[in-house]
Every structure is written in structure tokens, then in C-alpha cells.
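I sat down with a new model today and wanted to get a feel for it. Here are my notes on what I looked up, in the order I went.

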Amino acid sequence: MRAIVAFIVGGLFGAGLLLSGMTDTTKVQGWLDIFGDWDPTLAFVMGGAIIPMAIAWRFTQARTPVLGGTFPTPPDPKISANLAVGSIFFGMGWALSGLCPGPAVASLSFGGIGGIVFLIAMVAGMVVAPRAKGYLDGAAQAA
Amino acid sequence: MEIEWVWGLLGGALIGSAAAVFLLVNGRIMGASGVIGGLIDGTGRHQSTERLALLAGLVIVPALIALAMGGAETHLTGNMAVLVIAGLLVGVGTRMANGCTSGHGVCGISRLSLRGIVATLFYIGAGAVTMLLARHIWGLI
């Protein structure tokens with residue numbers, strides 16, 4: 001049951017990414033191109049996505065998930081070096097390609113060889129990430 | 001142009017509804033980098049079926065819609081070196097930061113998480129600076 005729901009969730013997510021234009025890298029790069037021909041579409045996508053999700057968070061209070069278990073607890077509010085440095089790395093790669101992880105997967109069937117090359121490189125980055133993360137945590141503790 | 005923001009809003013509402021269902025029904029955060037990353041580094045081994053099912057939906061449904069629409073275009077650069085560097089940066093960065101556009105952006109900001117808001121400001125800021133340098137100064141992309 002959990003897998004069936006997850007499949008439907010993935011499908012809705014993918015449909016939303018495609019229909020909103022987020023699998024088109026020119027729209028994403030256009031959003032980041034503040035000093036060029038700026039495209040505001042991404043702000044509408046973000047806004048449209050945050051509204052239902054904000055309502056959903058309200059419903060989590062004093063309840064448990066429909067299929068059991070518990071809701072995710074709020075993360076440690078500490079702003080770590082990993083959060084900042086990781087987000088900067090991500091933003092750089094996002095601008096260079098116009099792809100973030102969701103659209104990279106959603107466009108697998110029509111993204112061509114370039115899309116597959118990006119996905120393989122992204123997975124490789126995820127493999128080495130725990131080492132980079134541990135390194136920064138260690139540096140923070142030593143400081 | 002006028003019609004594009006309507007599609008943006010509608011598509012965004014679909015993305016947010018998907019995240020809402022995943023949270024309320026399965027009790028999980030719909031973050032693309034977290035779903036993939038957990039499969040790769042083994043931190044999400046116990047929910048691997050759920051993760052793989054989500055990824056299957058994320059590939060198959062857009063494939064069907066693209067087929068029905070007579071194709072979809074990503075306008076992705078053909079520069080393989082740029083794609084490899086960008087992919088590595090996105091992979092390392094999202095796992096170091098524990099989230100990407102969907103996890104920090106959609107799921108984090110909607111619960112007013114400070115981490116989600118800070119991460120989003122950092123990746124949009126870094127993205128805008130990279131775009132300025134790579135497109136307007138170096139002419140790379």
C-alpha cells in the first residue's frame with residue numbers, strides 16, 4: 001500500500017514538474033538569470049506548491065499518518081556549514097545545467113544522452129557526499 | 001508568457017499536492033534528493049520499496065504525458081563537461097545540505113523551517129551568481 005501511494009505521489013510530482021515547465025532547463029536557467037532575460041515562472045511553481053503543503057503541515061498536528069508511523073520531527077534548527085556549503089554547490093550545478101534532482105529523474109525518458117550523463121554524475125556526487133559532509137563536520141568540531 | 005505562469009501555478013499545485021499526500025498518508029517528506037540519496041548511501045534501506053516506487057512514478061508518468069503531447073524538450077546543453085560538473089555539484093551539494101528544491105524549498109519553507117529558508121536563499125543566490133559569471137562574463141552556457 002505504501003508503495004502504491006508512493007508511485008502515485010511520484011507520478012503527480014512528475015506531472016507537475018513537466019506541466020509547470022520545470023523539466024525545461026531554459027525556464028530554470030531563465031529564473032536564475034536575474035541580470036539577463038529573467039523568467040519568473042519558477043516563483044509561481046514554488047508558490048503553487050507551497051500552499052497545499054502548508055495546509056498539509058497544519059493537518060499533521062496531534063495526528064499520525066494514515067498508513068501508520070509518525071510524522072517527521074522538525075530538524076535541528078542549527079544552520080550548519082554543510083547546509084550552507086552544500087546549498088552553494090547545489091545552486092552552482094543547478095545554474096550550469098538547469099536541472100535539480102526531481103526534474104533530472106522526471107525527464108529521463110525524453111532528456112536524451114545528456115540527461116543520462118547528468119544523472120550518472122549526480123549519483124556519483126551522492127556517493128562521495130557523506131565523505132565531504134564528514135570532513136566539514138570534523139572541521140567545525142576542531143574549530 | 002501570460003499562459004506560462006498559469007501552467008507554473010497549476011503544475012506547482014500538483015507538486016505541492018503530491019508532497020501533501022506523501023506527508024499525510026505515508027508520513028514522509030517528498031524530497032527528490034533525499035529519496036534518491038537514501039537509496040545510494042544506504043540510509044534509507046528500510047524504505048527502499050517506497051522510494052523505488054516513487055521514482056518509478058516520477059519517470060513513467062512524465063514519459064506518458066510527453067508521449068501524449070508528442071514529445072517534450074529539456075533544451076539541455078550538449079556540453080558534456082558542463083553536465084558532468086553540474087551533476088557532481090548537484091549530487092554532492094544536495095546530500096551535504098540534506099535537501100534540494102523539493103525538500104528544502106517546497107517541504108521546508110511550507111513549515112517555516114529556518115533551515116529550508118536558509119538553504120533556498122543560498123542555492124538561489126549561488127545559482128544567480130553562477131549564471132551571471134557563466135553566461136554573461138565567461139560565455140560558457
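**Starting from the core**

I'm working with a predicted model, so I kept that in mind throughout. I began with the largest nonpolar core, which has 81 residues; A:Val9, A:Ala49, B:Ala18 and B:Ala19 touch the most other members. Then I checked who supplies this core: helix H1 (residues 2-26) of chain B gives the largest share, 11 residues. As background, I noted that in soluble globular proteins nonpolar side chains tend to be buried together.

I picked A:Ala49 and listed what it touches, leaving out residues up to four places away in sequence. The list reads B:Gly12, B:Ala13, B:Ile15, B:Gly16, B:Ala19 and B:Val106.

**Where the chains meet**

Next question: how many residues of chain A are in contact with chain B? I got 105 residues of chain A, in contact with 99 residues of chain B. On the chain A side, H1 (2-20), H2 (25-32), H3 (41-59), H4 (81-97), H5 (101-106) and H6 (112-142) each supply at least two residues. H6(A) brings the largest share of that side, with 19 residues. I also sorted the side of chain A that touches chain B by class and found 69 nonpolar, 32 polar and 4 charged residues.

**A look at H2(A)**

Is H2(A) mostly covered or mostly open? It's mostly covered, with 7 of its 8 residues buried. I wrote down the buried ones: A:Thr25, A:Lys27, A:Val28, A:Gln29, A:Gly30, A:Trp31 and A:Leu32. Their cover comes from both chains, including H3 and H4 of chain A and H6 of chain B.

**Over to chain B: H4**

I tried a ruler check on helix H4 (residues 80-96) of chain B. At 1.5 Å a residue, counting one less than its 17 residues, this helix should span 24 Å. Its end C-alpha atoms are 24 Å apart, so the two agree. H4(B) is mostly covered too, as 13 of its 17 residues are buried. Just after H4(B), I spotted B:Asn98 with a positive phi of about 60°.

**One last residue**

I finished with B:Leu121, which sits in helix H6 (residues 114-137) of chain B. Why does B:Leu121 count as partly exposed? It has 14 C-beta neighbours inside 10 Å, and a residue needs 20 or more to be buried, while 12 or fewer would make it exposed. For a sense of distance, I compared B:Leu121 with B:Gly87: they are 34 residues apart in sequence and 20 Å apart in space, C-alpha to C-alpha.

Technical notes:
Residues numbered from 1 in each chain as written. Chains lettered and ligands numbered in written order. Predicted model: local features only at pLDDT ≥ 70, side-chain atom pairs only at ≥ 80, totals over all residues. Contact = placed C-beta atoms within 7 Å. Helix = DSSP H or I, 4+ residues; strand = E, 2+ residues; numbered from the N terminus. Nonpolar A, V, L, I, M, F, W, Y, C, P; charged D, E, K, R; others polar. Core = buried A, V, L, I, M, F, W, Y, C linked by C-beta atoms within 7 Å.
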